[in-house]
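Let's take a walk through this model together, from its overall layout down to a few individual residues. Please have the structure open and turn it as you read.

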Amino acid sequence: MVVTYQDLVFRTAFRIMCDRPDAESVAAKVFGTVGRDEGVYAFLSSSEIENVLLRRTCLCCRMKIARRRLSWLF
């Protein structure tokens, strides 16, 4: 499953983060959570899997941006 959706997740993260190392870390985090819940994805269609992965990618990107902004304050 990782090979199939890796490009989708990385490109989305790269468009949001505009930085390759950050996009790679977001993609690794997204697929790390997918590895734990792989049994859940067996019953979903490909479009549903894409939606779940895109939602997780956006959430991880927003969290990374929020952490970065908080670190600037401190």
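What follows moves from the overall layout to the helix pairs, and then to some single residues.

A word on the ground rules comes before the tour. This is a predicted model, in which local features need pLDDT of at least 70 and side-chain atom pairs count only at pLDDT 80 or more, while totals for chains, interfaces and linings use all residues. Residues are numbered from 1 along each chain as its sequence is written, and side-chain values use heavy atoms, with hydrogens and water left out.

Begin with the layout. The protein has three helices and zero strands; here helices (H or I, at least four residues) and strands (E, at least two) are DSSP runs, numbered from the N terminus. Read from the N terminus on, the elements run α-α-α. The C-alpha trace spans about 45 × 20 × 15 Å along its principal axes. Of the 74 residues, 27% are buried, where buried means under 20% relative accessible area, exposed over 50%, and partly exposed in between (1.4 Å probe, protein chains only). Among contacts with a separation of 6 or more, 65% are between residues 24 or more positions apart; a contact means heavy atoms within 4.5 Å.

Now for the helix pairs. Helix 1 and helix 2 pack at an angle of about 135 degrees, with their axes 8 Å apart. Axes are lines fitted to C-alpha atoms, for helices over the stretch in contact, and angles run from 0 to 180 degrees between N-to-C directions. That angle makes helix 1 oblique to helix 2, on a scale where angles under 35 degrees count as roughly parallel, over 145 as roughly antiparallel, 65 to 115 as roughly perpendicular and the rest as oblique. Helix 1 passes helix 2 in a right-handed crossing; a crossing is right-handed if the near helix is turned clockwise from the far one by less than a right angle, and left-handed if anticlockwise. On the helix 1 side the contact is made by V2, Y5, Q6, V9, F10, A13, F14 and M17, and on the helix 2 side by R20, D22, A23, E24, V26, A27, V30 and F31. By class, these residues divide into twelve nonpolar, one polar and three charged. In this scheme Ala, Val, Leu, Ile, Met, Phe, Trp, Tyr, Cys and Pro count as nonpolar, Asp, Glu, Lys and Arg as charged, and the others, Gly among them, as polar.

Next, follow helix 1 (residues 2-17) over to helix 3, where the two pack at an angle of about 35 degrees with their axes 10 Å apart. This crossing of helix 1 and helix 3 is also right-handed. From helix 1, Y5, L8, V9, T12, A13, I16 and M17 meet a set of helix 3 residues that includes I49, L53, L54, C58, C61 and I65. The contact of helix 1 with helix 3 has twelve nonpolar, three polar and three charged residues.

The remaining pair is helix 2 (residues 20-36) with helix 3 (residues 46-73), packed at an angle of about 130 degrees with axes 9 Å apart. Helix 2 and helix 3 are therefore oblique to each other, and their crossing is right-handed. Here D22, S25, V26, K29, V30, T33 and V34 in helix 2 meet helix 3 residues including L53, R56, T57, C60 and C61. The residues of this contact divide into six nonpolar, three polar and six charged.

With the helices in place, look at some single residues. F31 sits in helix 2 and is buried, with a relative accessible area of 12%. Beyond its neighbours within four places in sequence, F31 is in contact with V2, Y5, Q6 and V9.

Then visit the loops. Y41 lies in the loop between helix 2 and helix 3, yet counts as buried at 6% relative accessibility. Outside its neighbours within four places in sequence, Y41 touches M1, V34, I49, V52 and R56. C18 is found in the loop between helix 1 and helix 2 and is exposed, with a relative accessible area of 63%. C18 has a positive phi of about 60 degrees although it is not a glycine.

How many disulfides does a search of the whole structure find? The search finds zero, with a disulfide taken as a pair of cysteine sulfur atoms within 2.5 Å. For C60, the nearest cysteine sulfur is that of C61, 7.1 Å away. The sulfur of C61 is 6.5 Å from the closest cysteine sulfur, in C58, which is too far for a bond. C60 counts as buried at 14% relative accessibility, and C61 counts as buried at 0%.
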